[in-house]
Amino acid sequence: GRPPASLFFRSCPEGRFSYPLYHCVDCPFRGVCGGRRALPGTAARRGTWIPSALGGKVTAKTAFLFILPQYNVSVPTADSETVHYHYGPKDLVTILFYIFITIILHAVVQEYILDKISKRLHLSKVKHSKFNESGQLVVFHLSSVIWCFYVVVTEGYLTNPRSLWEDYPHVYLPFQVKFFYLCQLAYWLHALPELYFQKVRKEEIPRQLQYICLYLVHIAGAYLLNLSRLGLILLLLQYSTEFLFHTARLFYFADENNEKLFNAWAAVFGVTRLFILTLAVLAIGFGLARMENQAFDPERGNFNTLLCRLCVLLLVCAAQAWLMWRFIHSQLRHWREYWNEQSAKRRVPAVPRLPARLIKRESGYHENGVVKAENGTSPRTKKLKSP
(Lines give C-alpha, C1' and ligand atoms only; values in the text may rest on other atoms or scores of the structure.)
Protein backbone atom coordinates (compact mmCIF):
# COMPACT_ATOMS: atom_id res chain seq x y z
CA GLY A 1 0.00 0.00 0.00
CA ARG A 2 3.01 2.28 -0.04
CA PRO A 3 3.28 4.69 -3.01
CA PRO A 4 6.34 4.36 -5.21
CA ALA A 5 9.37 6.47 -4.44
CA SER A 6 9.06 8.25 -7.79
CA LEU A 7 6.08 10.12 -6.39
CA PHE A 8 8.27 11.56 -3.66
CA PHE A 9 11.76 11.83 -5.09
CA ARG A 10 13.38 13.15 -8.19
CA SER A 11 17.11 12.85 -8.67
CA CYS A 12 19.27 15.54 -10.14
CA PRO A 13 20.83 14.89 -13.58
CA GLU A 14 24.17 13.97 -12.02
CA GLY A 15 22.61 11.67 -9.41
CA ARG A 16 24.36 13.31 -6.49
CA PHE A 17 21.24 14.04 -4.45
CA SER A 18 17.48 13.79 -4.55
CA TYR A 19 14.85 16.21 -3.40
CA PRO A 20 11.20 15.68 -2.40
CA LEU A 21 8.41 16.50 -4.81
CA TYR A 22 5.29 15.68 -2.83
CA HIS A 23 4.38 14.44 0.59
CA CYS A 24 1.29 13.01 2.17
CA VAL A 25 -1.22 15.41 3.74
CA ASP A 26 -1.41 13.24 6.86
CA CYS A 27 2.35 12.81 7.06
CA PRO A 28 3.56 13.94 10.53
CA PHE A 29 6.96 14.85 9.12
CA ARG A 30 5.54 17.23 6.44
CA GLY A 31 8.07 16.26 3.80
CA VAL A 32 11.14 16.53 6.01
CA CYS A 33 11.84 12.83 5.51
CA GLY A 34 11.66 13.29 1.75
CA GLY A 35 8.85 10.76 1.45
CA ARG A 36 10.74 7.79 2.87
CA ARG A 37 8.50 7.78 5.92
CA ALA A 38 5.27 8.65 4.17
CA LEU A 39 2.43 6.81 5.82
CA PRO A 40 0.43 4.38 3.68
CA GLY A 41 -2.75 5.70 5.25
CA THR A 42 -5.97 7.00 3.80
CA ALA A 43 -4.38 9.95 2.07
CA ALA A 44 -1.73 7.74 0.53
CA ARG A 45 -4.24 5.27 -0.86
CA ARG A 46 -6.36 8.09 -2.28
CA GLY A 47 -3.36 9.77 -3.83
CA THR A 48 -3.95 13.03 -1.96
CA TRP A 49 -0.68 14.94 -2.12
CA ILE A 50 0.39 18.55 -1.84
CA PRO A 51 3.59 20.05 -3.26
CA SER A 52 6.49 19.92 -0.88
CA ALA A 53 7.34 23.50 -1.83
CA LEU A 54 5.14 24.45 1.11
CA GLY A 55 7.16 22.21 3.36
CA GLY A 56 10.66 22.80 2.01
CA LYS A 57 13.11 24.57 4.21
CA VAL A 58 13.83 27.53 1.95
CA THR A 59 10.31 28.10 0.68
CA ALA A 60 8.77 27.50 4.11
CA LYS A 61 10.90 30.23 5.64
CA THR A 62 9.90 32.60 2.88
CA ALA A 63 6.21 31.75 3.27
CA PHE A 64 6.33 32.15 7.05
CA LEU A 65 8.00 35.52 6.59
CA PHE A 66 4.88 36.76 4.84
CA ILE A 67 2.20 34.92 6.79
CA LEU A 68 3.28 34.74 10.44
CA PRO A 69 4.67 37.39 12.80
CA GLN A 70 8.44 37.36 13.13
CA TYR A 71 10.94 37.78 15.99
CA ASN A 72 9.57 35.13 18.35
CA VAL A 73 11.34 34.67 21.69
CA SER A 74 10.82 31.99 24.34
CA VAL A 75 10.17 33.66 27.68
CA PRO A 76 10.47 31.44 30.78
CA THR A 77 7.55 31.46 33.21
CA ALA A 78 6.84 29.78 36.54
CA ASP A 79 5.31 26.69 34.93
CA SER A 80 6.87 26.51 31.49
CA GLU A 81 8.00 28.67 28.60
CA THR A 82 5.77 30.93 26.52
CA VAL A 83 6.49 32.33 23.09
CA HIS A 84 6.37 36.10 22.75
CA TYR A 85 7.24 38.48 19.92
CA HIS A 86 8.90 41.84 19.43
CA TYR A 87 8.92 44.13 16.42
CA GLY A 88 11.53 44.56 13.70
CA PRO A 89 12.04 45.41 10.02
CA LYS A 90 10.63 42.07 8.85
CA ASP A 91 7.21 43.15 10.07
CA LEU A 92 6.95 45.32 6.96
CA VAL A 93 6.91 42.19 4.79
CA THR A 94 4.10 40.67 6.86
CA ILE A 95 2.16 43.93 6.71
CA LEU A 96 2.60 44.03 2.92
CA PHE A 97 1.16 40.52 2.60
CA TYR A 98 -1.90 41.38 4.68
CA ILE A 99 -2.42 44.58 2.71
CA PHE A 100 -3.13 42.41 -0.34
CA ILE A 101 -5.39 40.15 1.74
CA THR A 102 -7.32 43.18 2.97
CA ILE A 103 -7.76 44.51 -0.56
CA ILE A 104 -9.29 41.18 -1.59
CA LEU A 105 -11.64 41.14 1.41
CA HIS A 106 -12.58 44.76 0.68
CA ALA A 107 -13.57 43.81 -2.87
CA VAL A 108 -15.59 40.82 -1.65
CA VAL A 109 -17.60 42.94 0.81
CA GLN A 110 -18.16 45.59 -1.86
CA GLU A 111 -19.24 43.14 -4.56
CA TYR A 112 -21.46 40.74 -2.65
CA ILE A 113 -22.94 42.94 0.09
CA LEU A 114 -22.78 46.69 -0.45
CA ASP A 115 -23.46 46.81 -4.19
CA LYS A 116 -26.57 44.64 -3.83
CA ILE A 117 -27.95 46.83 -1.04
CA SER A 118 -27.17 50.13 -2.78
CA LYS A 119 -28.99 49.03 -5.95
CA ARG A 120 -32.18 48.64 -3.97
CA LEU A 121 -31.85 52.03 -2.28
CA HIS A 122 -31.36 54.02 -5.54
CA LEU A 123 -28.92 56.49 -3.98
CA SER A 124 -27.37 59.53 -5.62
CA LYS A 125 -23.66 59.61 -6.44
CA VAL A 126 -22.74 61.51 -3.27
CA LYS A 127 -24.79 59.28 -1.00
CA HIS A 128 -23.59 56.18 -2.83
CA SER A 129 -19.97 57.07 -2.10
CA LYS A 130 -20.69 57.72 1.58
CA PHE A 131 -22.76 54.53 1.79
CA ASN A 132 -19.84 52.45 0.50
CA GLU A 133 -17.45 54.14 2.92
CA SER A 134 -19.69 53.57 5.92
CA GLY A 135 -20.49 50.01 4.88
CA GLN A 136 -16.82 49.06 4.71
CA LEU A 137 -16.04 50.76 8.01
CA VAL A 138 -18.98 49.10 9.78
CA VAL A 139 -17.61 45.68 8.87
CA PHE A 140 -14.09 46.64 9.90
CA HIS A 141 -15.02 48.35 13.17
CA LEU A 142 -17.35 45.55 14.22
CA SER A 143 -14.71 42.87 13.64
CA SER A 144 -12.02 45.02 15.30
CA VAL A 145 -14.17 45.71 18.38
CA ILE A 146 -14.90 42.00 18.86
CA TRP A 147 -11.26 41.03 18.30
CA CYS A 148 -9.85 43.82 20.47
CA PHE A 149 -12.31 43.08 23.29
CA TYR A 150 -11.33 39.41 23.21
CA VAL A 151 -7.62 40.25 23.38
CA VAL A 152 -8.10 42.74 26.21
CA VAL A 153 -10.18 40.31 28.27
CA THR A 154 -7.96 37.27 27.74
CA GLU A 155 -4.78 39.21 28.52
CA GLY A 156 -6.34 40.70 31.67
CA TYR A 157 -5.87 44.37 30.79
CA LEU A 158 -9.42 45.31 31.84
CA THR A 159 -9.34 43.62 35.22
CA ASN A 160 -5.91 45.05 36.08
CA PRO A 161 -5.57 48.68 34.95
CA ARG A 162 -2.10 48.90 36.48
CA SER A 163 -0.85 46.53 33.81
CA LEU A 164 -1.12 49.42 31.33
CA TRP A 165 2.08 50.94 32.71
CA GLU A 166 3.61 48.34 35.01
CA ASP A 167 6.65 46.42 33.77
CA TYR A 168 7.29 48.99 31.05
CA PRO A 169 8.69 48.65 28.42
CA HIS A 170 6.34 46.00 27.06
CA VAL A 171 8.81 44.75 24.49
CA TYR A 172 7.63 41.15 24.29
CA LEU A 173 4.07 40.81 23.02
CA PRO A 174 1.77 37.79 22.92
CA PHE A 175 0.99 36.41 19.49
CA GLN A 176 -2.56 37.76 19.37
CA VAL A 177 -1.47 41.25 20.39
CA LYS A 178 1.24 41.54 17.76
CA PHE A 179 -0.93 40.00 15.07
CA PHE A 180 -3.72 42.45 15.92
CA TYR A 181 -1.40 45.44 15.47
CA LEU A 182 -0.03 44.10 12.18
CA CYS A 183 -3.54 43.65 10.80
CA GLN A 184 -4.56 47.12 11.95
CA LEU A 185 -1.60 48.72 10.20
CA ALA A 186 -2.30 46.65 7.08
CA TYR A 187 -5.92 47.80 6.97
CA TRP A 188 -5.21 51.51 7.26
CA LEU A 189 -2.36 51.28 4.76
CA HIS A 190 -4.63 49.47 2.32
CA ALA A 191 -7.08 52.38 2.60
CA LEU A 192 -4.64 54.59 0.68
CA PRO A 193 -4.77 52.67 -2.65
CA GLU A 194 -8.49 52.09 -2.09
CA LEU A 195 -9.03 55.80 -2.61
CA TYR A 196 -8.03 55.18 -6.23
CA PHE A 197 -9.77 51.84 -6.62
CA GLN A 198 -13.08 53.18 -5.26
CA LYS A 199 -12.83 56.32 -7.42
CA VAL A 200 -13.43 58.62 -4.48
CA ARG A 201 -14.39 62.17 -5.38
CA LYS A 202 -11.66 64.81 -5.10
CA GLU A 203 -13.68 66.70 -2.51
CA GLU A 204 -13.73 63.63 -0.22
CA ILE A 205 -10.06 62.69 -0.50
CA PRO A 206 -8.66 65.28 2.00
CA ARG A 207 -11.19 64.31 4.66
CA GLN A 208 -10.45 60.59 4.30
CA LEU A 209 -6.70 61.17 4.24
CA GLN A 210 -6.97 63.02 7.53
CA TYR A 211 -8.47 60.18 9.54
CA ILE A 212 -6.38 57.51 7.75
CA CYS A 213 -3.16 59.30 8.72
CA LEU A 214 -4.51 59.91 12.21
CA TYR A 215 -5.11 56.20 12.77
CA LEU A 216 -1.74 55.24 11.28
CA VAL A 217 0.18 57.66 13.51
CA HIS A 218 -1.55 56.53 16.71
CA ILE A 219 -1.41 52.78 15.99
CA ALA A 220 2.20 52.86 14.79
CA GLY A 221 3.17 55.08 17.73
CA ALA A 222 1.68 52.70 20.29
CA TYR A 223 3.33 49.74 18.56
CA LEU A 224 6.81 51.25 18.19
CA LEU A 225 6.91 52.99 21.59
CA ASN A 226 5.89 49.74 23.35
CA LEU A 227 2.58 51.21 24.56
CA SER A 228 0.60 48.35 23.06
CA ARG A 229 -1.57 47.72 26.14
CA LEU A 230 -2.73 51.31 26.40
CA GLY A 231 -3.24 51.40 22.63
CA LEU A 232 -5.58 48.41 22.76
CA ILE A 233 -7.87 50.08 25.30
CA LEU A 234 -7.93 53.37 23.40
CA LEU A 235 -8.65 51.60 20.10
CA LEU A 236 -11.50 49.67 21.71
CA LEU A 237 -13.14 52.92 22.83
CA GLN A 238 -12.55 54.70 19.53
CA TYR A 239 -13.76 51.83 17.33
CA SER A 240 -16.93 51.40 19.39
CA THR A 241 -17.86 55.04 18.80
CA GLU A 242 -17.02 54.89 15.10
CA PHE A 243 -19.05 51.71 14.67
CA LEU A 244 -22.10 53.46 16.15
CA PHE A 245 -21.64 56.49 13.89
CA HIS A 246 -21.35 54.57 10.62
CA THR A 247 -24.25 52.31 11.59
CA ALA A 248 -26.37 55.42 12.16
CA ARG A 249 -25.35 56.76 8.76
CA LEU A 250 -26.35 53.52 7.03
CA PHE A 251 -29.79 53.62 8.65
CA TYR A 252 -30.10 57.27 7.63
CA PHE A 253 -29.43 56.40 3.98
CA ALA A 254 -32.12 53.72 4.16
CA ASP A 255 -34.63 56.10 5.80
CA GLU A 256 -33.86 59.81 6.11
CA ASN A 257 -36.33 60.19 8.97
CA ASN A 258 -34.35 57.78 11.13
CA GLU A 259 -32.00 59.96 13.20
CA LYS A 260 -32.28 58.33 16.64
CA LEU A 261 -28.92 56.57 16.31
CA PHE A 262 -27.25 59.91 15.55
CA ASN A 263 -28.52 61.24 18.87
CA ALA A 264 -27.13 58.17 20.66
CA TRP A 265 -23.79 58.60 18.88
CA ALA A 266 -23.64 62.29 19.84
CA ALA A 267 -24.08 61.35 23.50
CA VAL A 268 -21.46 58.58 23.36
CA PHE A 269 -18.93 60.66 21.41
CA GLY A 270 -18.31 63.20 24.16
CA VAL A 271 -18.07 60.52 26.86
CA THR A 272 -15.53 58.59 24.76
CA ARG A 273 -13.30 61.68 24.39
CA LEU A 274 -13.36 62.10 28.16
CA PHE A 275 -12.43 58.45 28.81
CA ILE A 276 -9.58 58.50 26.27
CA LEU A 277 -8.06 61.64 27.74
CA THR A 278 -8.42 60.30 31.29
CA LEU A 279 -6.76 56.98 30.48
CA ALA A 280 -3.92 58.64 28.55
CA VAL A 281 -3.15 61.08 31.37
CA LEU A 282 -3.45 58.35 34.01
CA ALA A 283 -1.18 55.85 32.24
CA ILE A 284 1.39 58.21 30.72
CA GLY A 285 1.29 61.26 32.95
CA PHE A 286 1.08 59.45 36.30
CA GLY A 287 1.81 55.75 35.79
CA LEU A 288 4.96 55.96 33.67
CA ALA A 289 6.16 59.05 35.53
CA ARG A 290 6.45 57.00 38.75
CA MET A 291 8.42 54.16 37.14
CA GLU A 292 12.06 53.80 38.16
CA ASN A 293 13.56 53.09 34.73
CA GLN A 294 13.22 56.56 33.24
CA ALA A 295 15.95 56.47 30.63
CA PHE A 296 16.04 56.73 26.86
CA ASP A 297 17.23 53.34 25.63
CA PRO A 298 15.94 52.45 22.13
CA GLU A 299 17.84 49.16 22.09
CA ARG A 300 15.82 47.89 25.03
CA GLY A 301 12.68 49.64 23.86
CA ASN A 302 12.57 52.10 26.72
CA PHE A 303 11.20 55.55 25.82
CA ASN A 304 10.11 56.55 29.31
CA THR A 305 11.52 60.07 29.43
CA LEU A 306 9.84 63.36 30.22
CA LEU A 307 10.16 64.60 26.64
CA CYS A 308 8.66 61.42 25.15
CA ARG A 309 5.79 61.44 27.63
CA LEU A 310 4.99 65.07 26.88
CA CYS A 311 5.07 64.45 23.12
CA VAL A 312 2.72 61.46 23.40
CA LEU A 313 0.31 63.34 25.67
CA LEU A 314 0.32 66.37 23.39
CA LEU A 315 -0.40 64.16 20.38
CA VAL A 316 -3.31 62.41 22.10
CA CYS A 317 -4.77 65.61 23.53
CA ALA A 318 -4.42 67.48 20.23
CA ALA A 319 -6.13 64.68 18.32
CA GLN A 320 -9.02 64.52 20.80
CA ALA A 321 -9.40 68.31 20.81
CA TRP A 322 -9.46 68.36 17.00
CA LEU A 323 -12.10 65.61 16.89
CA MET A 324 -14.19 67.43 19.50
CA TRP A 325 -13.94 70.71 17.61
CA ARG A 326 -15.09 69.05 14.38
CA PHE A 327 -17.94 67.39 16.26
CA ILE A 328 -19.14 70.67 17.81
CA HIS A 329 -18.80 72.47 14.48
CA SER A 330 -20.87 69.85 12.64
CA GLN A 331 -23.54 69.80 15.38
CA LEU A 332 -23.87 73.58 15.29
CA ARG A 333 -24.19 73.48 11.51
CA HIS A 334 -26.93 70.85 11.68
CA TRP A 335 -28.82 72.74 14.37
CA ARG A 336 -28.55 75.95 12.35
CA GLU A 337 -29.94 74.24 9.28
CA TYR A 338 -32.74 72.71 11.33
CA TRP A 339 -33.81 76.04 12.87
CA ASN A 340 -33.64 77.77 9.50
CA GLU A 341 -36.01 75.20 8.07
CA GLN A 342 -38.39 75.58 11.01
CA SER A 343 -38.35 79.39 10.81
CA ALA A 344 -38.90 79.27 7.06
CA LYS A 345 -41.99 77.14 7.57
CA ARG A 346 -43.36 79.61 10.10
CA ARG A 347 -42.75 82.63 7.86
CA VAL A 348 -44.76 81.29 4.95
CA PRO A 349 -47.84 83.67 4.82
CA ALA A 350 -51.31 82.26 4.53
CA VAL A 351 -52.95 82.62 1.13
CA PRO A 352 -55.32 85.63 1.40
CA ARG A 353 -58.94 85.03 0.49
CA LEU A 354 -60.28 87.06 -2.37
CA PRO A 355 -63.25 89.32 -1.38
CA ALA A 356 -66.60 88.11 -2.54
CA ARG A 357 -67.61 89.76 -5.80
CA LEU A 358 -70.75 91.80 -5.44
CA ILE A 359 -73.28 91.00 -8.12
CA LYS A 360 -76.01 93.51 -8.72
CA ARG A 361 -79.23 91.66 -9.02
CA GLU A 362 -82.43 92.98 -10.45
CA SER A 363 -85.42 93.47 -8.24
CA GLY A 364 -87.26 90.29 -7.42
CA TYR A 365 -85.78 86.83 -7.28
CA HIS A 366 -84.50 84.29 -9.77
CA GLU A 367 -86.17 81.00 -10.52
CA ASN A 368 -84.78 78.65 -13.14
CA GLY A 369 -82.75 81.47 -14.61
CA VAL A 370 -85.77 83.73 -15.01
CA VAL A 371 -86.25 86.86 -12.94
CA LYS A 372 -89.55 86.83 -11.08
CA ALA A 373 -91.24 89.88 -9.65
CA GLU A 374 -91.92 90.14 -5.99
CA ASN A 375 -95.64 89.28 -6.52
CA GLY A 376 -94.80 86.16 -8.53
CA THR A 377 -95.37 87.61 -12.03
CA SER A 378 -92.65 87.84 -14.62
CA PRO A 379 -91.50 91.32 -15.46
CA ARG A 380 -92.44 92.75 -18.80
CA THR A 381 -89.86 92.89 -21.50
CA LYS A 382 -88.92 96.27 -22.71
CA LYS A 383 -89.63 97.15 -26.30
CA LEU A 384 -86.86 98.62 -28.30
CA LYS A 385 -87.80 101.76 -30.24
CA SER A 386 -87.01 101.63 -33.90
CA PRO A 387 -85.01 104.54 -35.18
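A disulfide is a pair of cysteine sulfur atoms within 2.5 Å, and this predicted model holds zero of them.

**View 1. Two cysteines in a structure with zero disulfides.** Let's begin with the sulfur chemistry. A disulfide is a covalent bond between the sulfur atoms of two cysteines. The cut-off for buried is under 20% relative accessible area. C148 counts as buried because its relative accessibility is 0%. C183 has a relative accessible area of 18%, so C183 is buried too.

**View 2. The largest nonpolar core, with its 50 residues.** Look here for V177, Y181, W188, I219, L232, Y239 and L288, the residues with the most contacts inside this core. Seven helices each supply at least two residues of the core: α3 (91-121), α4 (125-155), α5 (175-197), α6 (205-224), α7 (228-254), α8 (260-287) and α9 (306-347). Which helix gives the largest share of this core? That is α5, with 11 residues.

**View 3. V177 and the residues it touches.** Leaving aside residues up to four places away in sequence, V177 touches V151, E155, Y157, S228 and L232. L232 appears again among the residues with the most contacts inside the largest core, as does V177.

**View 4. A second, separate nonpolar core.** Seven residues make up this core, including V109, L114, L123 and F131.

**View 5. The hairpin of β5 and β6.** Our last stop shows strand β5 (residues 72-76) paired with strand β6 (residues 81-85) in the antiparallel sense, over five bridges. How many residues lie between the two strands of this hairpin? There are four. To find your way along the pairing, start at N72, whose bridge partner in β6 is Y85.

Note on methods: Residues numbered from 1 in each chain as written. Predicted model: local features only at pLDDT ≥ 70, side-chain atom pairs only at ≥ 80, totals over all residues. Heavy atoms only, no water. Core = buried A, V, L, I, M, F, W, Y, C linked by side-chain atoms within 4.5 Å. Buried < 20%, exposed > 50% of the residue type's maximum accessible area, 1.4 Å probe, protein only. Contact = heavy atoms within 4.5 Å. Pairing = 2+ DSSP bridges.
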